[in-house]
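Here is a walk through one chain and the ligand that sits with it. Have the sequence and the 3D view open as you read.

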Amino acid sequence: MKADVLSNGIASSNKIENKQKQKAHGQNGAHATMSPVAKRAKFENGDIQKSSKGSESLVSDTLEKRHRMIGRATEIHYPECPLYIEYGRGAFLYDANDKPFLDLMNNVAHVGHCHPKVTQASHNQIQQLNTNSRFLHDKIIKVAEKLKSTLPSKLSVCFFVNSGSEANDLAVQLARAYTKHYDVAVIDDAYHGHTLALMEISPYKFKRAGGLGQREFIHVLARPDSYRGDHQGNNDDPKIGEAYFKDAKRVLDQAVDNNRKIALCITESMMSCGGQIIYPAGYLKSLYDYTRSLGGICIADEVQVGIGRSGSKGFWGFQHQDVIPDVVTIGKPFGNGHPVSVVVTTEEIAQAWEDRKVPYFNTFGGNPVSMAIALSVLEVVEEEKLQENAEEVGNHCLQRLNVLKDKHQIIGDVRGFGLFIGIELSEDRVTKVPATEKANTVVYSLRNRGVLISRDGPDRNVLKIKPPMVINKKDIDFFIEQLDQVLTEL
Ligand SMILES: Cc1ncc(COP(=O)(O)O)c(C=O)c1O
């Protein structure tokens, strides 16, 4: 066995299977596999309770209670065999038997599960004070200053909220207050959140059979998918971006002809739920310019992709599209799992909101504990050079995936930047029929081999890689080995 070390301290190469076998043979393999940090947390501090039951009954008991008491529409990972996760460290989650799972799906645990600096910041602050932002406190100022140092200078005013949905909801309200228009341009299959206003503007939700349907003030732009969309080819080819922009312009012009007034265009800087789409060159810039020419403003939803994930391309996803938004919304990674989000906008837009003379208040938004956590996350990204890590490990992942693509015909496309990567599975390289069922099989097979990955996109055939940013190359090698075997067995 190679002595390569994964980011949880476990030796790689068949590690999980081997450890399970050891455990089955009474060699206490799982505990031997734990990193010193995890062991210390578990046994010395006593802050993690090991279940006294076997994990199978733990899963079935919990599931039965959950079905009875928690809204059953609430999604669950791996419905056929859900996981009961007890704790997380770095890029790994662990079940009740201490089985490690490499977490490729959790862009929320941005600086790694239970990062000590983040947990300490939370602990220190909650012992001292937690109250609302109507009182003066320095932490909210420190976070605003830190954010400002990463953003274009015109994005200078923050509103702190608790979730990506709240951030986007407020962004839509800001846009309507500033422009005095109402209508929304959005890209097909995009998801921007779960409030009523956002369910109305998210095709990912409103298009579904039981969804709200398309309201008259929503204008849906074609998904600029250069792999399977109407205009296919190389993303760097400006003709592709231009063709998709022309399609978008046609939709917006039609709206204007119908006397609609565009308040905003909301886009993720790279589409996540829409299938890990990277926009073709020039597309977003043209869309921004045209939206503004119609009196609308441009909102960049960085809830999934912000805070260094795209590597050297930019701290924020919009930077590699050469655009400067009027409003940016930041969520998931900002609190490393703690619910904290923010809307950052321009002085003029914030002023328009103030001019309405309806004061803004948010009970939890900007509280000192959330701010201590967000500050620590931004500091860790810098101190541990996680943006640089995203570039290096992301490139390594892309390179290894492209080699796999040569070997496995089912891999139709590999795309992404930094630690935001999509693997699109197609039955055939010519017809590109989406390999939806096979993608599902791959997700479950990887789960059983200790790798957590999700799939998305309109055909649910795109494997999404967006792990904690502390993931290392050995972790990626482990994933690639498992994926290679899973695809071989398909
Ligand atoms: C792009 C995007 N925007 C907004 C949201 C909503 O964020 P939240 O679930 O924190 O409300 C999500 C959630 O998945 C998202 O993916």
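## Strands, core and ligand shell

E7, helix H11 (residues 283-293) and E8 make up a right-handed β-α-β unit. Right-handed here means that, with the strands pointing away from the viewer, the path from the first strand over the helix to the second runs clockwise. Helices (H or I, at least four residues) and strands (E, at least two) are DSSP runs, numbered from the N terminus.

A word on what you're looking at: this is a predicted model, where local features need pLDDT of at least 70 and side-chain atom pairs count only at pLDDT 80 or more, while totals for chains, interfaces and linings use all residues. Residues are numbered from 1 along each chain as its sequence is written.

Back to E7 (residues 262-268). This strand is mostly covered, with 7 of its 7 residues buried. Buried means 20 or more other C-beta atoms within 10 Å of a residue's own, exposed means 12 or fewer, and partly exposed is in between, with C-beta atoms placed from the backbone. E7 pairs with strand E5 (residues 183-187) in the parallel sense over 4 bridges, and it is joined to strand E8 (residues 297-301), also parallel, by 5 bridges. Strands count as paired if DSSP finds at least two bridges between them.

Elsewhere, an open sheet of 4 strands runs in the order E1-E2-E3-E13, with mixed pairing. Its edge strands, E1 (85-89) and E13 (451-452), each pair on one side only. E1 and strand E2 (residues 92-95) run antiparallel, joined by 4 bridges. The hairpin of E1 and E2 has 2 residues between the strands, and Gly-90 there takes a positive phi near 55 degrees.

Here are some residue pairs to click on in these strands.

| Residue | Stands opposite | Partner's strand |
|---|---|---|
| Ile-85 | Asp-95 | E2 |
| Arg-89 | Phe-92 | E2 |
| Val-186 | Ile-266 | E7 |
| Thr-267 | Ala-300 | E8 |

Zooming out, the chain has 16 helices and 15 strands. Of its 490 residues, 49% count as buried. Among contacts with a separation of 6 or more, 73% are between residues 24 or more positions apart; a contact means C-beta atoms, placed from the backbone, within 7 Å.

What about the inside? The largest nonpolar core has 124 residues, and Ala-175, Val-342 and Val-343 have the most contacts inside it. Helix H13 (residues 368-383) gives the largest share of this core, 10 residues. A nonpolar core is a set of buried Ala, Val, Leu, Ile, Met, Phe, Trp, Tyr and Cys residues joined through C-beta atoms within 7 Å. Leaving aside neighbours within four places in sequence, the contacts of Val-343 include Phe-159, Val-161, Ala-167 and Leu-170.

For contrast, look at Glu-56 in helix H4 (residues 55-69). Is Glu-56 buried or exposed? Glu-56 counts as exposed because it has 12 C-beta neighbours inside 10 Å. Glu-56 and Tyr-84 are 28 residues apart in sequence but 9.0 Å apart in space, C-alpha to C-alpha.

Which residues come nearest the ligand? Of the 16 around it, those are Ser-163, Gly-164, Ser-165, Gly-193 and Val-303. A residue counts as near if its C-beta atom, placed from the backbone, lies within 6 Å. Helix H7 (residues 164-179) supplies the largest share of this shell, 3 residues. By type, the shell splits into 3 nonpolar, 10 polar and 3 charged residues. In that split Ala, Val, Leu, Ile, Met, Phe, Trp, Tyr, Cys and Pro count as nonpolar, Asp, Glu, Lys and Arg as charged, and the others, Gly among them, as polar.

Definitions and conventions. Contact = placed C-beta atoms within 7 Å.
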